[in-house]
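Colleague: Hey, can you walk me through this one? I'd like to get a feel for what's inside.

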Amino acid sequence: MLSPEEKFEHWRTWYGSAVDLPMRLEKTESTVHRGFNPTAVSLNGSGFSLVELTNEPVAGYWGGAASSEEIRLVHFKTACAGFTFSGQSKAVLPGAVRFIDLSSSGSFHAPAGLGAVQINIDRGLLGLDEKSVERLQALTDIRTNPVVRSLIIPMLSGWQHPDMDQEVDRLLPVVRSVMAALIGSLFDTHIDDADLRAARILAIRKFMRKNARNRALDVDAVVEYSHLSRRALYYLFEGEKLQVNGYIRALRALEALELLTAPNPRKVPLAEIAEASGFSSAAAMRRAVETTTGASLQEIQSDPEGLRSATLALRKSIGF
């Protein structure tokens, strides 16, 4: 079993090799406390990566990466941090969202419990020149931006799940689209509809997930939310695995299956499960389950392992 000092050395070695520029970590306290346990999770795709860190007390120093082709957007989830860029000190408050400049030398001071998650993306994918990158890095905190609130933070808060590495290839257009929407919003410039497609789909799916148990959720409700015509909405989802109606049906079927798998002190009537899942009736729930899983509700209920498998498969098809 590693001692706290050995854990710190292991963390220092990992950190220095995990980031794409020379980084040195130093202790900020004389001894490493017994509960020293920093964490890091990363997902690397073609042209982008997602990284989530929880730091122990540490100071970091880097020599700069003037030739870096990436930009970094960081959400500082918990605890404040101090950064120094080219000799200028800047405080970063909990909850802040900002672009980080690693092109020149600098340092940071991370207190215990600093949690941060970041998007690194090839700026060439976004068509950004040096001047545009400098403008983005000069912004101190963009957490109140509507694209950040509605798309960026939810995406950064829910990107981890067991099969995420299998989904990395399909994530690039989503990440690129969301970042293009953000930069267009910050610069108040027009973004091509094709670049915004994935971001719009992401926002609409988030709306449907949030409201799936509400019986009033239907195509008309999505049309009203999205400010698109029915035709434009159908065109937006053309080529997607699930269209709007199918996505709503699958969300409700998943809710029903998860209620059926939950431990209950009493046997809950199917009518109650249907109502809690957003269906108009138990019959509608049965039809939706069979449509989305390929098996009848009776067949699934009679096989506990099949019920769990159907639930997991449905979650994956929806993209949870």
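Modeller: Sure. One thing up front: this is a predicted model. Let's start with R308, which counts as partly exposed because its relative accessibility is 45%, in between the under 20% for buried and the over 50% for exposed.

Colleague: OK, and which residue does R308 form a salt bridge with?

Modeller: With E305, and the closest N and O atoms are 2.8 Å apart. E305 is partly exposed too, with a relative accessible area of 45%.

Colleague: Where do E305 and R308 lie?

Modeller: Both lie in helix 12, residues 304–318. They are 3 residues apart, which is about one turn of the helix.

Colleague: Why would side chains pair up like that?

Modeller: Side chains with opposite charge can pair when their charged atoms come close.

Colleague: How many salt bridges are there in the whole structure?

Modeller: A search finds 15. One of them joins the side chains of E69 and R123, at 3.9 Å from N to O. E69 sits in the loop between strand 4 (58–62) and strand 5 (70–78), while R123 is in the loop between strand 10 (114–122) and helix 2 (130–137), so this pair ties together parts that are 54 residues apart in sequence.

Colleague: Is R123 buried or exposed?

Modeller: R123 is buried, with a relative accessible area of 10%. Its partner E69 counts as partly exposed, at 46%.

Colleague: Got another pair like that?

Modeller: Try R72 and E70, whose side chains meet in a salt bridge at 3.7 Å, N to O. R72 is buried at 7% relative accessible area, and E70 is partly exposed at 23%. There's also a network of salt bridges that links E9, R12, R24 and E26.

Colleague: Switching topic: what about the greasy parts? Which residues touch the most other members of the largest nonpolar core?

Modeller: That would be I71, I152 and M179, in a core of 38 residues. Several elements supply at least two residues each, among them strand 3, strand 5, helix 2 and helix 5 (193–211). Helix 4 gives the most, with 11 residues.

Colleague: And what does I152 touch?

Modeller: Setting aside residues up to four places away in sequence, I152 touches L73, V147, V178, M179 and L182. There's a second, separate core as well, with 35 residues, including L217, I248, A288 and I300.

Colleague: You mentioned strand 3. Where is S49, and is it buried or exposed?

Modeller: S49 lies in strand 3, residues 48–55. It counts as buried because its relative accessibility is 8%. Leaving out neighbours within four places in sequence, S49 is in contact with L43, N44, Q118, I119 and N120.

Colleague: Any holes inside? How many cavities of 30 Å³ or more does a search find?

Modeller: The search of the whole structure finds 1. Its volume is about 70 Å³. The lining residues include F8, K27, H33, F36 and P57. By class, the lining has 4 nonpolar, 3 polar and 2 charged residues.

Colleague: Last one: where is L259 found?

Modeller: L259 is in helix 8, residues 244–261. At 27% relative accessibility, L259 counts as partly exposed. L259 and A274 are 15 residues apart along the chain, and their C-alpha atoms are separated by 9.6 Å.

How values were computed. Residues numbered from 1 in each chain as written. Predicted model: local features only at pLDDT ≥ 70, side-chain atom pairs only at ≥ 80, totals over all residues. Heavy atoms only, no water. Helix = DSSP H or I, 4+ residues; strand = E, 2+ residues; numbered from the N terminus. Buried < 20%, exposed > 50% of the residue type's maximum accessible area, 1.4 Å probe, protein only. Contact = heavy atoms within 4.5 Å. 1 Å grid on protein atoms, 1.4 Å probe; cavity = no way out; pocket = protein on both sides within 12 Å on 5 of 7 lines; lining within 4 Å. Points joined across faces, edges and corners; volume = space filled by probe spheres on them. Nonpolar A, V, L, I, M, F, W, Y, C, P; charged D, E, K, R; others polar. Salt bridge = Lys/Arg side-chain N within 4 Å of Asp/Glu carboxyl O. Core = buried A, V, L, I, M, F, W, Y, C linked by side-chain atoms within 4.5 Å.
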